[in-house]
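Thanks for making time for this. I would like to walk through one model with you, going from a single covalent link outwards to the whole chain.

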Amino acid sequence: QVQLVESGGGLVQAGGSLRLSCAASGIIFSINAVSWYRQAPGKQRELVATVNSGGSTNYADSAKGRFTISRDNAKNTVYLEMNSLKSEDTAVYYCNAGVSLFRGSGSRDYWGQGTQVTVSS
């Protein structure tokens, strides 16, 4: 049905930058809100940022001023630009999207497989 594929993770030094991508494919009528979550070892998954269908954004306090979420509706892709990275940003980053498969259908939640971000101090 719908697949979300994250990319762009990797190893970066503290203070560096990365841009994550989340590309959606499959049977898609519309993509509603899309969020990035992260989960560090031994910790619960936490919300990092959300962009809704109209482009409005929200950020966790830890991401404000450093991360920027954006979307390209023509490409069914959402990005997370991460700057001034810190060691505490090390985690697996997951994309979550609400997708309507057909006109008039409800929104269903989908998750990507995750991409590892490691920030060395």
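Cys 22 and Cys 95 are both buried, and I start with them in this predicted model since they are joined to each other by a disulfide, with an S to S distance of 2.0 Å. A search of the whole structure finds 1 disulfide, and the torsion about the S-S bond of Cys 22 and Cys 95 is about -75°, so this disulfide is left-handed. As for where the two cysteines sit, Cys 22 belongs to strand β3, residues 18–26, while Cys 95 belongs to strand β9, residues 91–100, so the pair ties together parts of the protein that are 73 residues apart in sequence.

Strand β9 leads us on to another strand, because I would like to ask which strand runs antiparallel to β9, joined to it by 3 bridges. That is β11, and in this pairing Tyr 93 stands opposite Thr 115 of β11. Strand β11 also has a parallel partner, namely strand β2, residues 10–13, and 4 bridges join the two; there, Val 12 stands opposite Val 119 in β11.

Let me stay with β11 for a moment and look at its side chains. In a regular strand the side chains alternate between the two faces of the sheet. Strand β11, which covers residues 115–120, has a covered face made up of Thr 115, Val 117 and Val 119, and an uncovered face made up of Gln 116, Thr 118 and Ser 120. Thr 115, the residue opposite Tyr 93, is thus on the covered face, and Val 119, the residue opposite Val 12, is on the covered face as well.

Now to the protein as a whole. How many helices and how many strands does the secondary structure come to? There are 0 helices and 11 strands, and the radius of gyration is 14 Å, close to the 14 Å that the globule rule gives for 121 residues, so the protein is as compact as a globular protein of that length. The C-alpha atoms, taken along the principal axes, fill a box of roughly 50 × 25 × 25 Å.

Of the 121 residues, 40% count as buried, and among the contacts with a separation of 6 or more, 56% come from residues 24 or more positions apart. Finally, the surface: the protein exposes about 6,400 Å², of which carbon and sulfur atoms supply 46%.

Conventions: Residues are numbered from 1 along each chain as its sequence is written. This is a predicted model: local features need pLDDT of at least 70, side-chain atom pairs count only at pLDDT 80 or more; totals for chains, interfaces and linings use all residues. Side-chain values use heavy atoms; hydrogens and water are left out. A disulfide is a pair of cysteine sulfur atoms within 2.5 Å. Helices (H or I, at least four residues) and strands (E, at least two) are DSSP runs, numbered from the N terminus. Buried means under 20% relative accessible area, exposed over 50%, partly exposed in between (1.4 Å probe, protein chains only). Two strands pair if DSSP finds at least two bridges between them. The radius of gyration is taken over C-alpha atoms; the globule rule is 2.2 Å times the number of residues to the power 0.38. Contact means heavy atoms within 4.5 Å. Accessible areas come from the Shrake-Rupley method with a 1.4 Å probe; for residues, only the protein chains shown count as cover.
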